[in-house]
Amino acid sequence: MASAMVNRGGCRIMKSVSAVLGTRFYAKIATGTDIVSAAPNVSLQKARTWDEGLDSKFSTTPLKDIFKDKKVVIFGLPGAYTGVCSNKHVPPYKENIDKFKAKGIDSVICVAINDPYTMNAWAEKLQAKEAIEFYGDFDGSFHKSLELVTDLSGALLGTRSERWSAYVVDGKVKALNVEEAPSDVKVSGADTILGQI
């Protein structure tokens with residue numbers, strides 16, 4: 001799907017520490033992309049406790065179940081418990097959940113390359129689980145399929161999600177925002193995506 005690739009402005013993760021953190025990749029998806037087709041046979045793991053995972057036989061959620069016939073706002077971030085993610089990215093989505101619902105959004109989803117147990121504990125710590133659905137992408141297959149990964153080995157995080165957001169209707173991407181640096185919340189925040197719905 002090379003024709004759908006878009007340059008998001010520069011190839012460095014962070015202007016001041018690019019040598020430490022490495023290079024960034026470009027998103028495979030763009031406006032109009034069918035997110036389910038772009039990541040075929042990929043599932044995410046709903047945030048849950050270990051016991052809930054065991055009871056469900058470690059079930060996963062296919063992308064079609066998340067996006068089909070729904071209006072979804074999804075945002076990805078480098079990782080649970082990290083500073084910018086915990087303090088600047090998630091809280092405005094939680095605080096604006098009523099505005100998203102008023103615009104007809106069925107679900108607001110946070111996803112990261114973490115296991116679903118870590119995502120669950122983090123969501124509970126943020127007291128955001130009632131407003132936002134949290135999903136783990138434990139092996140990064142979702143983000144890799146969409147080419148929304150970045151190498152944060154310099155920060156001891158390894159391969160991680162870009163910081164991004166998207167408005168998706170029945171699986172089709174209507175708006176996509178990818179940050180130039182993982183420390184930024186300039187275009188992927190709640191206010192931006194609210195204005196795009």
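## Strands, a bent helix and two odd phi values

Strands β3 and β4 pair in the parallel sense over five bridges. Pairing here takes at least two DSSP bridges between two strands, and the elements themselves are DSSP runs numbered from the N terminus, with helices being H or I over at least four residues and strands E over at least two. This is a predicted model, where local features need pLDDT of at least 70 and side-chain atom pairs count only at pLDDT 80 or more, while totals for chains, interfaces and linings use all residues. Residues are numbered from 1 along each chain as its sequence is written, and side-chain values use heavy atoms, with hydrogens and water left out.

**The whole chain**

The chain holds nine helices and nine strands. Of its 197 residues, 49% are buried, where buried means under 20% relative accessible area, exposed means over 50%, and partly exposed lies in between (1.4 Å probe, protein chains only). Accessible surface adds up to about 9100 Å², and 52% of that belongs to carbon and sulfur atoms; the areas come from the Shrake-Rupley method with a 1.4 Å probe, and for residues only the protein chains shown count as cover. If you take the contacts with a separation of 6 or more, 67% are between residues 24 or more positions apart, a contact being heavy atoms within 4.5 Å.

**The strands**

Let's go back to β4, residues 107–112. Six of its six residues are buried, so the strand is largely enclosed by the rest of the structure. Ser107, Ile109 and Val111 point one way, while Val108, Cys110 and Ala112 point the other way. On the β3 side, Val72 has Ser107 of β4 as its bridge partner. β4 also runs parallel to β5, with four bridges joining them, and there Cys110 is partnered with Phe134 of β5.

β3 has another neighbour in β8: these two run antiparallel and are joined by six bridges, with Lys71 opposite Val169 of β8. Five of the six residues of β8 are buried, so this strand too is largely enclosed by the rest of the structure. From β8 the pairing carries on to β9, again antiparallel and again with six bridges, and Val169 also stands opposite Lys172 in β9. β8 and β9 make a hairpin with two residues between them, and Asp170 sits in the turn.

Here are the pairings side by side:

| Strands | Sense | Bridges |
|---|---|---|
| β3 and β4 | parallel | five |
| β4 and β5 | parallel | four |
| β3 and β8 | antiparallel | six |
| β8 and β9 | antiparallel | six |

**Two positive phi values**

Most residues other than glycine have a negative phi. Asp170 goes against that, with a positive phi of about 50°. Its place is the loop between β8 (164–169) and β9 (172–178), and at 37% relative accessibility Asp170 counts as partly exposed. Tyr81 is another such case, with a positive phi near 70°. Tyr81 lies in the loop between β3 (71–76) and α5 and is partly exposed as well, at 44% relative accessible area.

**Helix α5**

After that loop comes α5, residues 83–95. This helix has 13 residues and reaches 18 Å from its first C-alpha to its last, close to the 18 Å expected at 1.5 Å a residue; the expected span is 1.5 Å times one less than the number of residues. α5 still bends by about 30° at His89, with a proline, Pro91, following within four residues. That bend is the angle between axes fitted to the seven residues ending at a residue and the seven starting there. The buried residues of α5 are Cys85, Ser86, His89, Val90, Pro91 and Tyr93.

**Cysteines, and a glycine**

Why is Cys85 not in a disulfide? A disulfide is a pair of cysteine sulfur atoms within 2.5 Å, and the closest cysteine sulfur to that of Cys85 belongs to Cys110, 7.7 Å away, which is too far for a bond. Cys110 is likewise in no disulfide, and the count for this model comes to zero. Cys85 is buried at 0% relative accessibility, and Cys110 is buried at 0% too.

Finally, Gly140 is found in the loop between β5 (133–136) and α8 (141–145). Gly140 is buried, with 0% relative accessibility. In sequence Gly140 and Val42 are 98 residues apart, yet their C-alpha atoms are 9.9 Å apart in space.
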